[in-house]
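Visitor: I would like to go through some local features of this model with you, one question at a time. Please show me the sequence and structure before we begin.

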Amino acid sequence: MGVASAFAIVSLPAAYATPSASVVVSEVYGGGGNSGATLTRDFVELGNAGSAAYDLAGYSVQYLPGSPSSSSTWQVTTLSGSVAPGGRFLVAEAAGSGGTTALPTPDATGSIAMSATSGTIALVSGTTALTCKTAADCAADSRIVDLVGYGSAVVREGSGPVTGASNTASVTRGASLADTDDNAADLTSGTPSPVNSAGQTPGSGDGDGDGGGDDPTQPGSVRVHDIQGTTRLSPLAGQTVTRVPGIVTGVRTTGSKGYWIQDPTADSDPRTSEGIFVYTGSVTPTVAVGDSVLVSGKISEYYPSSTSQSLTEITGPTATVLTSGNALPAAVTLDATSVPSAYIPTAGGGSIESLPLEPAVYAQDLYESTEGMRVSFSDARVVGASDEYGELWVTLKPDENPTLRGGTLYSSYDQPNTGRLEVMSLDTTTSFPAADVGDELSGTTTGPLDYSTYGGYNVQATQLGALVDNGLKQEVTRRQKGDELAVATYNVENLDALDDQEKFDRLAQGVAVNLSSPDVVALEEIQDDNGATNDGTVTSEATLTRFTDAIRAAGGPRYQWRYIAPTDGQDGGEPGGNIRQVFLFNPKRVSFTDRPGGDATTATGVVKTRKGARLTYSPGRIDPTNDAWDSSRKPLVGEFVFHGETVFVIANHFNSKGGDQPLHGRYQPPARSSETQRQAQAAEVNTFVKSLLAADKNAKAVVLGDLNDYEFSQTVTTLTDGGVLTPLITTLPAAERYTYVYDGNSQTLDHILTSPAVTRFDYDVVHLNAEFADQASDHDPQIVRIDVSRCRR
């Protein structure tokens, strides 16, 4: 039993789901230190049958007596670190007074006194004690990743517990780690055989593999470049290496703890990195920068996510410090000259892991060939603002697709911008700088090159350049004229009535001041009144009351609102939040035409009249039961009247990009699977606009919102099919076409499009969030001012 994915970072698994192909409980022994026992401690061993490392951060091993009483509780041992593919992970538990042989060095240690003959062990995705005490109740607990009941255990998988456990016998899964969710079938009893993550067994010593016959102060036969190899995967993955020499170049004492070593004696092959990360798990490294060390351990490829590239690591390490205070190897210079102009090789959508590296051709190959090594850059412009996780992005190529405000523009799928590089800091004594786009890291930034889930390659800075503030300011758009209808769109990032007043005030300032109080504002990500609390609430009245009050306090008008409350849990977004689109409008400037009858599942339509088109329901939704809107927001349509002219506004929030493969991942070109649903959604909106124009060829329609796709995407092409809509972002100069910044790419996700009758307009993206470390939302709003009276009739 266990998770369905074999990768390191996964969603919480379902108990008793598809039998696990990754991490399972591989051996359980409760007789340690008992009469007749050889081993001195109880233990639980985990095994990973998958092809990628499995992250145990936030997991636990838990024990319940075989016949639990009403007062019995699950006992918990928390875990950290990871299980290498094909590897083991040893959890030591309570020691007895007997036995003669110690366990190999455990990867985690608890104090649970397990029964030798009967009990239940669970691997749990969480550290809170379980409460289930029957097999059925535990089967319903989604936190349980794997479970083994032995002896006469009431809680077990399948037909019954595995029998035969004793003071001298453990219960062990087969060598293949097969899991059919039947303990009696999957495990057998036998002699205890614990193995730790370094591959050590009882009595095998320190795991150095030197057998005691070699000089422990002399390097073994393997060097770092032998481990890294000439492709993205180590030729020694899964093997134990002995006394690998290197100089410690960086130490990480938080999060994924460990340190980097680099061999100062490089080989002649530019494809083979001389640096590597030594992963110590939950143990804080005791080495220091400048130490000359010999490191032994097991080689693994750690996959931060299922589609990412891997990070080659030495796991379960032991280290000998030979000398301290040594000079560090020279850093590899990264700049516009050294980083290639091509981004990454392709493999027809398959994995590029086995391709020989070409560091002179591809930027990502250059980074892979220097993975773990010291790199440096100088005087780099910030193109992605600092975030809450202590990360920012710089460009090594200042002339690569620059925006007017200092960013780097993402303008096509085949131009991911090779100069972008993520920067973090290993300095835990100094606050990470709050940098905005356009600022500069002046001087030299140096540190080991790492790889992580978000962003791919990054510099773990041991020396961080000084921040130069270039004074980026929030934009303020002009106020609309008396005969201009101003319509805006703003994704307010999961706003609900329980948020701090500061968030309301800052978003309100954006509407009242930066957007100059538009006549109509289409909001995305307005949550229900209790936010992520999942209790069936779907109304947003309290949220909108607080927001419109804050806008009024900021100097804006007293807005009214219209929306369609979603069916609980059907529109995606944060679980329990029930996000939706909302129209705010200023009744002193524009009127809303109410036609009751629209609800979460009833579609609005278009009727042709002598005066033109009108909606059957206003506000209403576009075909909300269509499969295109499954687990996604349904478009909100409203009919407005300004200076006697009817204007139809369609607010959208298309399906997110969740599930798409990353630009920097191992599958190239990356699959963008989420586009399929967005294209279907775009087709539905396009069909609706065509129905408006069929009823009135001069219908004035504004389609806007967070489309979660680029101006050059098929989604936008589908939305504009037949020339029924014009994407206004394309009317701006190229360097101004962005509403969002992600991984150092300034890009367009939010859009305003207009029908052909809208011929006189003034359009503006108002940059006030996406480029700033301190942001009220991660999206920038935008606005169109329409001279309705001078548009086509």
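Visitor: How many aromatic pairs does the count come to?

Guide: The model is a predicted one, and side-chain atom pairs enter only at pLDDT 80 or more. Rings of Phe, Tyr and Trp pair if their centres lie within 6.5 Å, and by this rule the count comes to 17 aromatic pairs.

Visitor: How is the aromatic pair of Phe583 and Phe592 classed, given 6.5 Å centre to centre and 45 degrees between the planes?

Guide: A pair of aromatic rings is described by the distance of the centres and the angle of the planes. Planes under 30 degrees apart count as stacked and those over 60 as edge-to-face, with the rest as tilted. At 45 degrees between the planes, the pair of Phe583 and Phe592 is tilted.

Visitor: Which parts of the chain does the pair of Phe592 and Phe640 link, and how many residues apart are they?

Guide: Phe592 and Phe640 form an edge-to-face pair, with 5.0 Å centre to centre and 80 degrees between the planes, and both residues are buried. The pair links distant parts of the chain, with Phe592 in strand 29 and Phe640 in strand 33, and the two are 48 residues apart.

Visitor: Which residue has its charged end over the ring of Tyr413?

Guide: Tyr413 belongs to a cluster that ring pairs form with Tyr410, Tyr710 and Phe712. Over the ring of Tyr413, 3.6 Å from its centre, sits the charged end of Arg672.

Visitor: Is Asn417 buried or exposed?

Guide: Asn417 lies in the loop between strand 20 and strand 21, where its phi is near 70 degrees, a positive value in a residue other than glycine. Asn401, found in the loop between strand 20 and strand 21, likewise has a positive phi, near 45 degrees, and is partly exposed at a relative accessible area of 27%. Because buried means under 20% relative accessible area, Asn417, at 3% relative accessibility, counts as buried.

Visitor: What is omega, in degrees, for the cis peptide bond that joins Gln668 and Pro669?

Guide: Most peptide bonds are trans. A cis peptide bond joins Ser618 and Pro619, with omega about 5 degrees. Pro669 has its place in the loop between strand 34 and helix 7, and for the cis bond joining Gln668 and Pro669, omega is about -5 degrees.

Visitor: Which residue has its backbone oxygen 2.8 Å from a polar atom of the side chain of Ser755?

Guide: Ser755, in the loop between strand 39 and strand 40, is buried, with a relative accessible area of 1%. Leaving aside neighbours within four places in sequence, the residues in contact with Ser755 include Leu693, Lys700 and Val724. The backbone oxygen that lies 2.8 Å from a polar atom of the Ser755 side chain is that of Ala699.

Methods. Residues are numbered from 1 along each chain as its sequence is written. Side-chain values use heavy atoms; hydrogens and water are left out. Helices (H or I, at least four residues) and strands (E, at least two) are DSSP runs, numbered from the N terminus. Buried means under 20% relative accessible area, exposed over 50%, partly exposed in between (1.4 Å probe, protein chains only). A polar contact is a pair of N or O atoms within 3.5 Å; within protein, one must be able to donate a hydrogen and the other to accept it, and residues adjacent in sequence count only if both atoms are side-chain atoms. Contact means heavy atoms within 4.5 Å. Rings of Phe, Tyr and Trp (its six-membered ring) pair if their centres lie within 6.5 Å; planes under 30 degrees apart count as stacked, over 60 as edge-to-face and the rest as tilted. A charge sits over a ring if NZ of Lys or CZ of Arg is within 6 Å of the ring centre and within 35 degrees of the ring normal.
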